[in-house]
Every structure is written in C-alpha cells, then in structure tokens.
Amino acid sequence: MKEYEVTITETLKKTVTVEAESEQDARDLVDTQWRNSEHILDADYFQGVEFSARPKRRSRDMER
C-alpha cells in the first residue's frame, strides 16, 4: 500500500458591517476587531470543506 498525505481545509465565513473612510480602513478595522476576538467564527459559520491528496514524499534520509 502507498501512503498519502490528505489536507482538510474547512472554510468559515462571516460578514460584518462597519463604518470607515475607505475599504482599506474597513478591512484594517475588522482585522483588529477579529484579532481582539470581537468576531468569533464557529461551526455556525461553516461554508464548506475541501480535501486534497498527494502521494507522501519520502525524505532523502530514508532513501539512503
């Protein structure tokens, strides 16, 4: 049997409304709010999941 590395990527999504002078200011404000845990994304904000697989690479040490 071969070994595979499978990556699981879950997507959470939440839209918030803020007032700001520009789009960049709005992004910066929400980024700061998020870093301060003002916006918590949990399972209620689940949008989807993706799976990707690739053969497991052998390290060079294992080949010697």
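This is a guided tour of one protein chain, with a suggestion at each stop for what to select in your viewer.

**Stop 1: the whole chain**

Before you start clicking, keep in mind that this is a predicted model. Show the full chain as a cartoon and colour it by secondary structure. You should find two helices and two strands, and if you walk from the N terminus the order is β-α-β-α.

Now rotate the C-alpha trace. Along its principal axes the trace spans about 60 × 25 × 20 Å. The radius of gyration is 20 Å, while a compact globule of 64 residues would come out near 11 Å.

Switch on the surface next. The chain exposes about 6,400 Å², with carbon and sulfur atoms supplying 46% of that area. How much of the chain is buried? Buried residues make up 6% of the 64 residues. If you like contact maps, look away from the diagonal: among contacts with a separation of 6 or more, 78% join residues that are 24 or more positions apart.

**Stop 2: the two strands and their salt bridge**

Select residues 4-12 for strand E1 and residues 46-55 for strand E2. Then show the side chains of Glu 5 and Arg 54. These two form a salt bridge, and their closest N and O atoms are 3.0 Å apart. Glu 5 belongs to E1 and Arg 54 to E2, so this pair ties together parts that lie 49 residues apart in sequence. Both partners are partly exposed: Glu 5 has a relative accessibility of 32%, and Arg 54 has a relative accessible area of 43%.

**Stop 3: a nonpolar patch**

Stay with the strands and select Tyr 4, Val 6, Ile 8, Leu 12, Phe 46, Val 49 and Phe 51. Together they form a nonpolar patch on the surface, with about 700 Å² of accessible area. Which strand gives the most to this patch? E1 does, with four residues. E1 and E2 each supply at least two residues, so colouring the strands separately is a handy way to view the patch.

Zoom in on Leu 12 for a moment. This patch member sits in strand E1. Leu 12 is partly exposed, at a relative accessible area of 38%.

**Stop 4: helix H1 and its two salt bridges**

Now select residues 23-35, which make up helix H1. H1 has 13 residues, and the distance from its first C-alpha to its last is 18 Å, close to the 18 Å expected at 1.5 Å a residue.

The structure holds three salt bridges, and you have already visited the one between Glu 5 and Arg 54. For another, show Glu 23 and Arg 27. Their side chains meet in a salt bridge at 3.8 Å, N to O. Both residues are in H1, four residues apart, which is about one turn of the helix. Is each partner buried or exposed? Glu 23 is exposed, with a relative accessible area of 64%, and Arg 27 is partly exposed, at 47%.

Move along the helix to Asp 31 and Arg 35. Here the side chains meet in a salt bridge at 2.7 Å, N to O. Asp 31 and Arg 35 are also in H1 and four residues apart, so about one helical turn separates them. Asp 31 counts as partly exposed at 33% relative accessibility, while Arg 35 is exposed, with a relative accessible area of 60%.

**Stop 5: Gln 33**

While you are in this helix, click on Gln 33, another residue of H1. Gln 33 is buried, with a relative accessible area of 15%; the cut-off for buried is under 20%.

What does Gln 33 touch, once its neighbours within four places in sequence are left aside? Its contacts are Val 18, Glu 38 and His 39. Show those three as sticks to see what surrounds Gln 33.

**Stop 6: Ser 37, after the helix**

For the last stop, select Ser 37, which follows H1. You will find this serine in the loop between H1 and E2. What stands out in its backbone? Ser 37 has a positive phi of about 65° although it is not a glycine. If your viewer draws a Ramachandran plot, pick out Ser 37 there and look for that positive phi.

Methods. Residues are numbered from 1 along each chain as its sequence is written. This is a predicted model: local features need pLDDT of at least 70, side-chain atom pairs count only at pLDDT 80 or more; totals for chains, interfaces and linings use all residues. Side-chain values use heavy atoms; hydrogens and water are left out. Buried means under 20% relative accessible area, exposed over 50%, partly exposed in between (1.4 Å probe, protein chains only). Contact means heavy atoms within 4.5 Å. Patches are made of residues with over 30% relative accessible area and no salt bridge: like charges are joined within 9 Å, nonpolar side chains (Val, Leu, Ile, Met, Phe, Trp, Tyr) within 5 Å. Accessible areas come from the Shrake-Rupley method with a 1.4 Å probe; for residues, only the protein chains shown count as cover. A salt bridge is a side-chain nitrogen of Lys or Arg within 4 Å of a carboxyl oxygen of Asp or Glu. The expected span of a helix is 1.5 Å times one less than its number of residues. The radius of gyration is taken over C-alpha atoms; the globule rule is 2.2 Å times the number of residues to the power 0.38.
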